[in-house]
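Q: Please take a close look at one part of this model for me and tell me what sits around it. I'm new here, so plain words are best.

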Amino acid sequence: MSVAHADDADDYSRPTGETYHAEKALPSGDFYTGQWRDNLPHGHGKYLWTDGCMYVGEWHRGKTMGKGRFSWPSGATYEGDFKNGYMDGRGTYIDSSGDLYRGSWVMNLRHGQGTKSYVNGDCYDGEWRRGLQDGHGRYQWKNENHYIGQWKNGTMNGNGTMIWSNGNRYDGSWEDSAPKGNGTFRWSDGSFYVGVWSKDPEEQNGTYYPTTTSGNFEWQPQQVFCVDLSECVVCTCQRIPVLPSQKMPVWYGSSEQSSSGNRTKSSVSSERPRRRSVDGRVSNGEMELRNNGSGYLQVDDSESNRSSPLRPLRIQPAKKQGQTISKGHKNYDLMLNLQLGIRHSVGRPAPATSLDLKASAFDPKEKLWTKFPSEGSKYTPPHQSCEFKWKDYCPVVFRTLRKLFNVDAADYMLSICGNDALRELSSPGKSGSFFYLTNDDGYMIKTMKKAETKVLIRMLPAYYNHVRACENTLVTKFFGLHCVKLTGTAQKKVRFVIMGNLFCTGHSIHRRFDLKGSSHGRLTTKPDSEIDPNTTLKDLDLNFIFRLQKNWFQEFCRQVDKDCEFLEQERIMDYSLLVGLHFREASKESATPTSGARTPTGNTDSGNTRLSRADMDRFLHDASKLASIKLGINMPARVERTMRKSDCENQLVGEPTGEFYDVILYFGVIDILQDYDISKKLEHAYKSMQYDPTSISAVDPKQYSRRFKDFIFKIFAEDT
């Protein structure tokens, strides 16, 4: 990415907003010819790079936006929609070898419906996701063999049918482009083989049914893998060497370049857009984020700021939440008990389990008690804590859930039971429960009331089926349900559940919101000066609309509908959408997530701290990092600031202001263990007499679900 100096005396002599034809020879050797406005390409124009790349098409304020054609020196071309410099929308890409893709794109990635024609004669027509075949699709080889079915990460995966040109076919399950699981192989003469398929001959099991007594009884199922599928190799997509968004120049004098401190007389004009504060609590005036060298990010103390009645924004470096539980802490023994119990439960030998669980595994009586004497026993180690009993609820179910969520047993045990102590959050939640975090922020442990434990066990079969059917579910991931019972006179029972931590990320979470869609009591009582990155804000504090890419937004809407339907059927209410925002302009962090929490560092250089487009492109096209982007996890997006009317005290959604910020989003549905029991019904009746019934949280699950979705679909929108 280069900086293009395009200043011309003629630019300043023209009225602001006038569009005219210009030819610009840039110091880098690049050349632009086309429509020009306010010292930027705006309209139709052609840009030629010194390395031979060329773009011809529509521009908007210095960025490729609209219809256009980009060509590479290798002969590769892309023709279609552009958005903010990215290939985004409908478009056709022909690579240097002659392979052609025609279909949907999102931020330089094949994403959505599309067709890929390979130069060797193969063709794929179907769904794509993050640059790879994913979803339902049809692949036909040049020899007329073809596969129709499910794909995942570029491989045949799920239910599908392979039909060979000789008339043979396989119907069943696939994994990594090979039969795996239940399936049927049929010959053109009507013979068939039914069984469980695997590349491992020891796992293969089935029955052969010939049409006549003279059938081919010497046939072996492994022939399908080594013979029939030998020519059914899926072609890979050639990597795009240089992305158009990486070639986009940063125009000297534009608002983006101005934020790094390099200004021209056009950039300081009152007509030029400038970076604003990342939070609506600050002011209506124009502000810019600066790293002041002390580790804080704050706005410039400009004249517009001084005239504002609100305080300047200070985004403090995020710190790890909670207090480390060390020896002498009141819950130190409880932590030791918990770690001993988890190590015992996870490390206990168990037979391999299928994802198809029997109903008996969900029986509320399905629990295991283990006694942990201080001196140890045949099955438990000696320990320094007091004697206690340990209970595992539905152990087979939670072991299978961990498998379903791809949790490695060793990593899980190390995270919770390793040498590092847990951290206790400073204050219990409104429910009275205490929360503990693992040192690597991977897991959150919550103490449970008996009623909550009963709710989770009751809904466990439906929960298991839901998360198994919905890979992108937003509901909380549960990994274990346990109980510690202290022996002796106290006989105290502590029940707790282990959950995934939504904010386990290398990105600093600058703002977090707990959103229900109700207004009563949904305002943070802290003064602005005490709000920090660990403060959880509420509905009436929200001053953003979250804008997602088209495909992500559609998937988000579908998943919210499914999750709310599941919670409504289980009579659950009072849940929230927890949202975390990482402002990309507010730190110099790499987009690469790392273990542990990273924070903005002090730096006396006043250079541009915004994550560059090239960094973002490298992030989106690195396979290992790309895999970390999922619905609600590590999602690149934009937020638009909103402003509430001064006369609308309980206005949930403010008016859009047109100010946008690049963010990384994290979100999920939490607190899903509150059913609409008698206490909530009484709370609803009591508060309805004092407040507007539609503004309170305690309402019927059906009404709660409807109100929650109405609110969520107002604050989340498609990025157009």
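**One spot, then its wider setting**

A: Setting aside neighbours up to four places along the sequence, K247 makes contact with W49, D51, C53, F70 and V242. Keep in mind that this is a predicted model. K247 itself belongs to helix α3, which covers residues 244-247. Is K247 buried or exposed? Its relative accessibility is 14%, and since buried means under 20%, K247 counts as buried.

Now let's step back for the setting. The protein has 720 residues, and 51% of them are buried. Its secondary structure adds up to 14 helices and 37 strands. Of the contacts with a separation of 6 or more, 52% join residues 24 or more positions apart. As for the outside, about 33000 Å² is exposed, with carbon and sulfur atoms supplying 49% of that.

What about the inside? In soluble globular proteins, nonpolar side chains tend to be buried together. Here, the largest nonpolar core holds 97 residues, and L665 and F716 have the most contacts inside it. Looking past its neighbours within four places, F716 touches F546, L548, F553, F556, L577, V579, L665 and F667. There is also a second, separate core of 46 residues, with Y32, Y170, W174 and F185 among its members.

Next comes a sheet worth tracing by eye. It is open, has eight strands and pairs in the antiparallel way, in the order β23-β26-β27-β28-β30-β29-β25-β24. The edges are β23 (323-324) and β24 (367-372), and each has a single partner strand, so one side of each has no neighbour in the sheet. For one pair in detail, take β27 (residues 435-437) and β28 (residues 443-448), which are joined over three antiparallel bridges. There, Y436 has I445 in β28 as its bridge partner.

Two helices go with these strands. Helix α6 (residues 332-347) lies across β24, β25 (388-393), β27, β28, β29 (478-486) and β30 (493-500), and it runs at about 50 degrees to β25. Helix α9 (residues 450-469) packs on the sheet too, where it touches β25, β28, β29 and β30, and its direction makes about 125 degrees with that of β28. Back on α6, 13 of its 16 residues are buried, so the rest of the structure largely encloses this helix. Its length checks out as well: at 1.5 Å a residue, α6 should span 22 Å, and its end C-alpha atoms are 22 Å apart, which agrees.

Follow the chain on from α9 and you reach T476, in the loop between α9 and β29. T476 counts as buried, at 10% relative accessibility. Leaving out residues up to four places away, T476 touches Y463, M499, V669, I670, D671 and I672. T476 and V669 are 193 residues apart in sequence, yet their C-alpha atoms are 6.1 Å apart in space.

Finally, two loop residues make a nice pair to look at. Most residues other than glycine have a negative phi. N108, though, has a positive phi, near 75 degrees, and E144 has a positive phi near 75 degrees as well. N108 is in the loop between β9 (100-106) and β10 (109-117), while E144 is in the loop between β12 (132-140) and β13 (146-152). Their surroundings are another matter: N108 is buried, with a relative accessible area of 2%, whereas E144 is exposed at 55%.

Technical notes:
Residues numbered from 1 in each chain as written. Predicted model: local features only at pLDDT ≥ 70, side-chain atom pairs only at ≥ 80, totals over all residues. Heavy atoms only, no water. Helix = DSSP H or I, 4+ residues; strand = E, 2+ residues; numbered from the N terminus. Buried < 20%, exposed > 50% of the residue type's maximum accessible area, 1.4 Å probe, protein only. Contact = heavy atoms within 4.5 Å. Areas by Shrake-Rupley, 256 points an atom, 1.4 Å probe, with all protein chains shown as cover. Core = buried A, V, L, I, M, F, W, Y, C linked by side-chain atoms within 4.5 Å. Pairing = 2+ DSSP bridges. Axes fitted to C-alpha atoms, helices over the stretch in contact; angles between N-to-C directions. Expected span 1.5 Å × (residues − 1).
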